[in-house]
Amino acid sequence: MEKQLSRVSRRNFLRLTGITGAGFMIGLSVVDGQGIEQVVNMSAIEESFGLTPFIIIEKTGKITIFNTKPEIGQGTFQSIPSLIAEELNLPLDKVTIKQSGGEKELGADQFAGGSASIRTSYTRYRTVGAAAREMLVLAASKQWNVPVEECTVENGKVMHLSSERSAKFGELVEAASKLEVPKSPKLKDPKDFILLGKSIPRPDVPLKSSGRAVFGIDVDVPGMVYASVERCPVIGGKLLSFDDAATKKVKGVQQVVTCERVFGKYRFEGVAVVADNYWAAVQGRKALKVKWDYQGHETFNSNTYAQQLRDLANTDGVVDHTQGDFDKAFSESTNKVEAFYETPMVSHSPLEPMNCVASWMEGDKLEIWTSTQVPGNIKSSFAKEYNVKDENLKVNVLFNGGGFGRRLYPDYVHEAVQVSKKVSKPVKLIWSREDDTQQGPFRPMTFSAMKGAFDADGKLTAFQHKVISPSLNAARDTNYDKTKTDGSMTEGISEQAYQVPNMKNLFVWADIHIPIAAWRAVTSTTLAFSHECFIDELALKAKKDPMDFRFELLGGNSLSDTSKVSDTLRVLRKLRAVSNWDKPLPKGWGRGVAQWEFFAGLAANVVEVSKTATGVKIEKVYSVIDLGTVVNPDTTVGQVQGAVVMAITAAIKNGITFENGKTVQSNYNNNPILRMNETPPIEVHILAEGGDKIKGVGEPGLPPLAPALCNAIFAATGKRIRTLPFNINKI
């Protein structure tokens, strides 16, 4: 395999372009540029050259570009290869796109999360493409003995127009691969872009629309058996013993073995039933008799735990951020506002439940097929966990049927690997919908104690946001230090652009035995609700229009004011205009606004609602997202719309609750998601002024939805909502 690789010093290339790692790999399951799904063994490719680890050009002219960010519906299967193809002036229908599987040669950041795929790749991958372009052009100019400046690149060819000569990339690639990698390849002028900034159709959509796309749960390998795992219904319980006599009488059941669910600092033992088919595995699982030690967790109840969090709000907590003297300003004020906000646990509930095919082979070789957000992590950590040589571990990444943060955690992959090793066969392990809903991990309950105070002139002078919650960091770190501030749980609250002279943000840690995890937009999904609803409460106290009040806190209160332009101010100005904020609404309607900036980016929403005979109807959502630079506007709009739908679901549908240690909800019937007929019109506007500033797309539209909705409900009904979820039909 190695002999087929680039003859260029890739180490030098990577050093020059800022990309770590070098080399190449083999892989499975690709979708070509014509939308034809196929399986390709890259080792069968003859006479191909990699000008970089990310591009393979065969002498036949076939070009393969690697996508290093798993496709979970967010569009990376199109956007990441486009960054490289753009610099080669290469339409995507000329390219075979191949999903990477955590190979070292393609870098350590092979994951999809944090709205980071484009943010972290934009310049880097364009540089990869530009370097390859310059090498191909130089090879052609030498061959034709013409100046480099007279050669152009288009549609997989290098051309010299004055002599009417042209050569396909495949005809030049061998010579190009012998050239030095450019130290500083020149990137294209954005005005010449053929892909970036345009709504290019995504090559994965036809496959998904027609059912031809291969997701993790679709994988079928020779000799494969199926596994279903019985886990303790009280999370945190310990396996004592099991009786599999009845299980083994189920037709098709082959073996019953134990396995561990490895999740952060937790290791939960379960019992896996291995069978000829999934039906038999599930029936055998139902016949199991298992004794558990609930470890005292059978007393855990959501209501009791919520009261513990409320009680913890009376403790000081750890200071996350402070400026001025909040305590003095608050104590001296006679015009104060205090409020307490609560948000529940929620599940990720992707349409495709967790699954993995693992094949442990003789010689300690391991192959994995799965839909995951973290192939790089699996590749590196599993080799160590299971004492497998790196070259003996292969990860095949399939399309993800939704992730929302859930597939950042490969606990289900651990189970499949362990079961395969014990039964010495390829094993497809599938979580049921009930497993997915009841076993977590979940977004943690997060409560917020808010305080604000005004001076004698009615100016907001003091603001405090105290967060009370379990910690995402504590869930994975056995040495978690609760005496220190925890950025994972105070995300974004100290990044807001509002100008208040005296501020103090705090965190109070609440212990919990339930696995908790990042959820789409992570902690901002809960903190934006309390933060931006409280801003509205302060606006009411100040007798100001909520939009005007925010403008004042941002240092400008008119659309023409540019004295203190900030991203937040620009976003709100745009939102004010597109939502017709200053136009009166019909009687019984209300309008609410909220914005949020955090690590993933910045967005703001206006929600319009109307009072009905039985509750409130969401009439329309206006969203403005600030990107700086946009790669695919159509994908961006879809991402923001998806974020809004998920945010509405989290606001008005059931959260996850516990009674007697067990998860109450079990499936979509009692843990529903927003239906199409409940989804309001969502109008998305993109601020993309170009330049180097690049912000995330997938998450920013989510945090400001719930506060904008609740602020709109207050405007329409006078009812202030401080606890999520709520029944929108009973307001």
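Visitor: What makes helix α9 (residues 375-385) a helix that lies across β13, β18 and β19?

Guide: Contact means heavy atoms within 4.5 Å, and α9 lies across those three strands, running at about 155° to β19. Angles run from 0 to 180 degrees between N-to-C directions, with axes fitted to C-alpha atoms, for helices over the stretch in contact. Helices (H or I, at least four residues) and strands (E, at least two) are DSSP runs, numbered from the N terminus. This is a predicted model, where local features need pLDDT of at least 70, side-chain atom pairs count only at pLDDT 80 or more, and totals for chains, interfaces and linings use all residues. Residues are numbered from 1 along each chain as its sequence is written, and side-chain values use heavy atoms, leaving out hydrogens and water.

Visitor: How do you know that β18 (residues 365-370) and β19 pair?

Guide: Two strands pair if DSSP finds at least two bridges between them; β18 and β19 have 5, in the parallel sense, so they qualify. Among the partners, Glu 367 is bridged to Lys 394 in β19.

Visitor: Why is β19 (393-397) called an edge strand?

Guide: In the open sheet, ordered β12-β13-β10-β20-β17-β18-β19, β19 pairs on one side only, as does β12 (253-263).

Visitor: What makes the crossing of α13 and α17 right-handed or left-handed?

Guide: A crossing is left-handed if the near helix is turned anticlockwise from the far one by less than a right angle, and right-handed if clockwise. The axes of α13 (residues 524-541) and α17 (residues 705-717) cross at roughly 35°, and this crossing is right-handed.
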